[in-house]
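Me: I'm new to this structure and would like to get to know it step by step. Could you walk me through it?

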Amino acid sequence: MASDAAATADTFPKLLIRNARLYGARPSMRHKDLGIWQTWTWKEVEELVRAYATGLSRLGLKRGETIAIVGSNRPKLYWSVMAAQMLGAVPVPVYADAVADELSFVLAHADVRFAAVEDQEQIDKIQSVLDRLPKLELMFYDETRGLRDYDHAKLRAMDDVIADGRQALAADPKLRDWLDAEIAAGKGSDPSIILYTSGTTGASKGVVLSGERSIRAATDTVKFDKLTENDVALAYLPLAWVGDHYLNYAQGLVAGFCTACPENAETAMFDLREIGPSFYFAPPRTLEVLLTRMMIRMEDASPLKRKLFHYFLGVARQYGERILNKQAVPLKGRLLYWLGNVLVYAPLKNVLGLSRVRVAYTAGEAIGPDLFAFYRSIGLNLKQLYGQTEAFLYVTAQPDGAIYSDTVGPACPNVDIRIAENGEVLFKSPGMFIGYFKDAAKTAEVTTPDGYVMTGDAGYFDEKTGHLKIIDRAKDVGRLNDGTMFPPKYIENKLKFFPDIREAVAYGDKRDFVTVMLNIDLTAVSSWAERNNVSYGSYQELAGHPLVYAMMEKHVAEVNSAMAADKMLAGNQIKRFLILHKELDADDGELTRTQKVRRGFVADRYKPLIDALYSGAREADISTEVTFEDGRKGTLAARVRIADVQPVAVSGNLGKAA
Amino acid sequence: MRAPDGPPVTSGDVLLSIDNVSLSFGGVKAISGVSFDIRKGEIRAIIGPNGAGKTSMLNIINGFYHPQQGIITFKGEARSKMRPHDAADGGIARTFQNVALFRGMSALDNIMAGRTLKMKRNMFWQMLRIGPALAEEVEHRHRVEEIIDFLKIQEIRRTPVSRLPYGLQKRVELGRALAMEPELLLLDEPMAGMNIEEKEDMSRFILDVNEHYGTTIALIEHDMGVVMDLSDRVVVLDHGIKIADGTPQEVKSNQAVIDAYLGVAH
């Protein structure tokens, strides 16, 4: 049984051997190559990885050393991880799209002597920074294309390394015993992998995870979601991301399920359909793209199909989630839903490749309630989880049947969560990291004396459900003058879930009440304007249109009433807002290159507007410098109207009127 | 690679030579007395202003036009005119200035069409699709999949080409030409109408084809930057006459070329 894993094996190589014994003839890995799905069974993978490990050892890889893994989701890269672990070496996966600078930072920081890379592109990248990597001795490549004329002093084909290992194993029977001894010598407490954080919040840090803890965490969630050797997952998320290592590698080895690698990044959607995974993970962004694409295609369908589609989506909205949650639904609803499933939902899921999905997760950022509800209503068991690299992914996850779009669920099995004074979420979990690589000071900084890890995220347990709600980064959470916790991003996200709001910036820290500046979404609002005969000459004019203001006021009021229902956040109702006369732009420094608002910079730049938001003025003048695409600069002056919103009375028995 | 009839040609040898070729349509002289050669393994560019006779030149090479005068020597065999099937059998493949694909067919089927000449079983067998015909198709499909992998177009394998953006259609067309496993590949403005990124991609594919398959390439191109970066040697035509021939450097500094492109002050 898969759940015995923790008892019998405390490192991944030991699990591999166990799987080869238990599920020898079952598929372990699939990869589409030259248009055909190739399959390797657990037995074959074991032999392959043994040969690979032997080959690596003959090239000098030793216990405790690090080896970089650079590339996309390909079987040989996963096997590089396994082979390294078999020798007690520590794999260090690096994001395939990292630029040369980031790559050289990680490779140098992790002291790698060897690197297993996907192809010419990655080799070129590493070679361009070779002078910063004096310790790097050899690179192993999977894809031979374009490398024939390269100087092979520092290069080897993975196939050659594996072939060499296989030959050596065949020639010397004692070598196999030696390898068995190496596997047995691996301790569960040894570092199993180092995952570098992406570095969005400062310099990239190497998170060291141990085999024993990783396996314990994966065993818990495998049980939680009842994953077995019959499940299938498509590995299409970055290899270096904790999610891929957890969901596909660790859970795959613990449960013994099959991991399928797509042909390439662009074909993932098609491969999904061909593989029909039973376990699926997608970040909210991907789900949104899927939905948009589907809706656009539906617009081109025949009127009959379109009508059917929209009618049954309505049925799904009404009954779908309740059916999925196994709640009471009237017979009419069940019948209609059944018909809808035959006519619309099942074919739809089939096209998306989600027909066989039993468990699907989303995480990474807040997901819009409508988007979340859509997938659940058509019968996809989509759930949210919350976690981070330091926890080896899972901190909380939503259990089947208790799903709320704005919470991330209760603590996972064996995970202990505590909320600190300042609202920060702390946790202690089976999979938690050993420490940051070569950075004891940083490790101490994020660990409490009693062994909890600080997530840096602020959150609280929802009163009604007892589930955790994550609201913002802890350092961004402020306080209103009356002491109410003010999480700007939470408010902004709630606003941004409306398709016609592109960006929102909330203010309230050390103020009496909350105000926001909005950016309309030009695509959505202009198409609305077209349908409603609203004429406008420019973005600025559209943004200032009274009807647009009225529409935004409705959205703000909706957000207010949502917040009024929540005791913790009721004080954060938005009292005043304005619509900015220009789009926030990375060229003007208002957004980061990853399209995140630089709140402080925006506050300085639009100080007159913020002052007006709090002074009670009805409008304010602003003049800003803008940078055009060709680099020229100009000035944009505008008079911006400020709208007041009537706060919603706080519901329930709180007895506090706003 | 299949070595078609004729003695083997080694790298650096002349693969094809055009000797004093002239072509006219009625009274219009498209090409007059042009001679040049294409060596095995090189990337040879044919450039010139509009109406210089570049496409006519390609059409002569692959036997679509028959010159009134001159000798074409391909792999040591001299002819006064090429015929299209001679060209195809002899290992010459081409792409067109305006994409010429089977629009309703998928990218895969279009590239598969490039294998037609290599199929040995007759139509009857292919329709039955059993035994040897099936084995043959599997073999050809394998080759086609290698090309799809090479050109990185896996995600559009099943897409009808009419739905593809222009840059990808061009790539499919290149794929179809490659499926013929040509010795000489003629590319008529492979980068016309592309944006910079598409141009860079296409340039890389052209270089890869040349390196990986060892294919000799003759290309017509308007983008001077691309020509200078890609090609080993350049021949310049103007009003049907050869005005220069040499390395990109030599051609760039040639006064006649500068005059032809920029005009001469009279």
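Me: Which residue with a positive phi follows H4(A)?

Reply: Happy to help, and please keep in mind that this is a predicted model. Helix H4 of chain A covers residues 75-86. The residue with a positive phi that follows H4(A), near 80 degrees, is Gly88(A).

Me: How many of the residues of H4(A) are buried?

Reply: Buried here means under 20% relative accessible area. Among the residues of H4(A) that meet this are Lys76(A), Trp79(A) and Gln85(A). H4(A) is mostly covered, and the count of buried residues is 12 of 12.

Me: How far does helix H3 of chain A reach from its first C-alpha to its last?

Reply: H3(A) runs over residues 42-58, which makes 17 residues. At 1.5 Å a residue, a span of 24 Å is expected, and the helix comes close to that. From first C-alpha to last, H3(A) reaches 24 Å.

Me: And which residue with a positive phi follows H3(A)?

Reply: H3(A) itself is mostly covered, with 12 of its 17 residues buried, including Trp42(A), Arg50(A) and Leu56(A). After the helix comes a glycine with a phi near 110 degrees, Gly60(A).

Me: Which strands stand at the edges of the open sheet E8-E9-E18?

Reply: This sheet of chain A has 3 strands with antiparallel pairing, in the order E8-E9-E18. A strand at the edge has a single partner strand, so one side of it is left without a neighbour in the sheet. The two strands in that position are E8(A) and E18(A).

Me: What is the bridge partner of Ile194(A) in E9(A)?

Reply: E8(A) covers residues 191-196. E8(A) pairs with E9(A), residues 206-210, in the antiparallel sense over 5 bridges. Within E9(A), the partner of Ile194(A) is Val208(A).

Me: Why is strand E24 of chain A described as largely enclosed by the rest of the structure?

Reply: Val514(A), Val516(A), Leu518(A) and Ile520(A) point one way from E24(A), while Thr515(A), Met517(A) and Asn519(A) point the other way. Residues on both sides are buried. The strand is largely enclosed because the number of its residues that are buried is 7 of 7.

Me: Which residue in the turn between E23(A) and E24(A) has a positive phi?

Reply: E23(A) and E24(A) run antiparallel and are joined by 6 bridges, with Ala506(A) opposite Val516(A). The two strands form a hairpin with 6 residues between them. In that turn, the residue with a positive phi of about 60 degrees is Lys510(A).

Me: What is the bridge partner of Val516(A) in E25(A)?

Reply: E24(A) also pairs with E25(A), residues 574-579. This pairing is in the parallel sense, over 5 bridges. In E25(A), Val516(A) has as its partner Phe577(A).

Me: Which helix supplies the largest share of the nonpolar patch on the surface?

Reply: The patch is formed by Leu304(A), Leu308(A), Trp338(A), Leu339(A), Val342(A) and Leu343(A), with about 590 Å² of accessible area together. Helices H13 and H14 of chain A each supply at least two of its residues. The largest share, 4 residues, comes from H14(A).

Me: Is Val342(A) buried, partly exposed or exposed?

Reply: Val342(A) lies in helix H14 of chain A. Partly exposed falls between the buried limit of 20% and the exposed limit of 50%. With a relative accessible area of 47%, Val342(A) is therefore partly exposed.

How values were computed:
Residues are numbered from 1 along each chain as its sequence is written. Chains are lettered from A and ligands numbered from 1 in the order in which they are written. This is a predicted model: local features need pLDDT of at least 70, side-chain atom pairs count only at pLDDT 80 or more; totals for chains, interfaces and linings use all residues. Side-chain values use heavy atoms; hydrogens and water are left out. Patches are made of residues with over 30% relative accessible area and no salt bridge: like charges are joined within 9 Å, nonpolar side chains (Val, Leu, Ile, Met, Phe, Trp, Tyr) within 5 Å. Accessible areas come from the Shrake-Rupley method with a 1.4 Å probe; for residues, only the protein chains shown count as cover. A salt bridge is a side-chain nitrogen of Lys or Arg within 4 Å of a carboxyl oxygen of Asp or Glu. Buried means under 20% relative accessible area, exposed over 50%, partly exposed in between (1.4 Å probe, protein chains only). The expected span of a helix is 1.5 Å times one less than its number of residues. Two strands pair if DSSP finds at least two bridges between them.
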